[in-house]
Each structure stands twice: as C-alpha cells, then as structure tokens.
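User: Hi! I am new to protein structures and would like to learn how to read one. Could you guide me?

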Amino acid sequence: MTNYLNLREGKFPIKLETSIEILSDGLNIGTLKHPLKINLSIEKLSSDLFSCKGVIESFFLNTCQICLKEAEINLTLETNLIIKDEDVLLDFSNKPDESHFQNLKYFQIERLVEEEICLNYPSVVKCNTEDCLDFANPEKEEKLQPFKKIRDLLE
Ligand SMILES: [Zn+2]
C-alpha cells in the first residue's frame, strides 16, 4: 500500500504520526521487531523547499557479526532534513548530505524514512552481550606465536 503526498498542493504543516510495518526488500538491515514509529512534520519553506523534522523510532533484529547470535538494534533518529525536488539533484552545487530528494508531487514518506535508516544503520552489527564482548576482545585470546613453530623445527 502506497500513500502519496502531493507537496505541490495541500495544507502545511503536514503532521505524520504513524507507523510503518513493512520496509522495502533489499535494504539489508534485518527485520523490523515492531512496526517502525514516525512522528514527523513537513513544513513548506518555499515552493520547492520543504523541511522534515521529527523522530523516527525503530527496532530491528539482525545477526551479530561477531558471535552470530540475534542482535537487537534500536535506531531512534532525530530527523531534520530539507526536502527538494529530485529534478534539483542534477544541480551539483547542492550538498546532498542534509537533503532528501524526491518527486514532490508523488512524495512517499516511506522513502525518506528508509533513506534515513540506511544512512544511520550501523555498518557492523554487534549484540554487545557479555559473551560477545569476550569473543571480540582479542587480549583474552592466546596470543599467536608465529615464531614458535620455526623454533620447534630448529630444535
Ligand atoms: Zn554478538
């Protein structure tokens, strides 16, 4: 189900206080533990510029890359973005970092939310349990002795 917002028309600010249950396939960010909650407000700055402020709250389940157990990832994002028409993307003088580009007539808040999550998702998934920290701590492991083998051979 896709809900489009037409930012070219309509009343502002647009308050979006809702939840998103399913994200696009192929984002590679695990699965949602609960529906993702958004509390966002879109304001019109000019005919081509809009701001989006608020909070995105999400819990994901993923696999810990160290111990391979299930890891819970809580991403609570304070969002403060400028929304621009995707046609403006061709203008390279614009810094892309604080801006989100989309078709203003068929605006999908899900796309903005997914982009924010992907940008902020940890590059290494860790569960941070005690067992896992032991695992990750190389000092506790026996140090490798690369010369021992050679010494054994010489003796
Ligand atoms: Zn772990």
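Analyst: Let us go through a helix, a core and a loop residue. This is a predicted model, where local features need pLDDT of at least 70, side-chain atom pairs count only at pLDDT 80 or more, and totals for chains, interfaces and linings use all residues. Residues are numbered from 1 along each chain as its sequence is written.

User: What distance should helix α1 span?

Analyst: Helices (H or I, at least four residues) and strands (E, at least two) are DSSP runs, numbered from the N terminus. The expected span is 1.5 Å times one less than the number of residues. For the 12 residues of α1 (residues 109-120) that gives 16 Å, and the end C-alpha atoms are 17 Å apart, which agrees.

User: Which residues of α1 are buried?

Analyst: A residue is buried if 20 or more other C-beta atoms (placed from the backbone) lie within 10 Å of its own, exposed if 12 or fewer, and partly exposed in between. In α1, Ile 109, Leu 112, Val 113 and Glu 116 are buried. Seen down the axis, they fall within an arc of 100° (taken from the directions from the helix axis to the C-beta atoms), so they line one face of the helix.

User: Is Asn 103 partly exposed or buried, and why?

Analyst: Asn 103 sits in the loop between β6 and α1. It counts as partly exposed because it has 15 C-beta neighbours inside 10 Å. Its C-alpha atom is separated by 5.4 Å from that of Asp 85, 18 residues apart along the chain.
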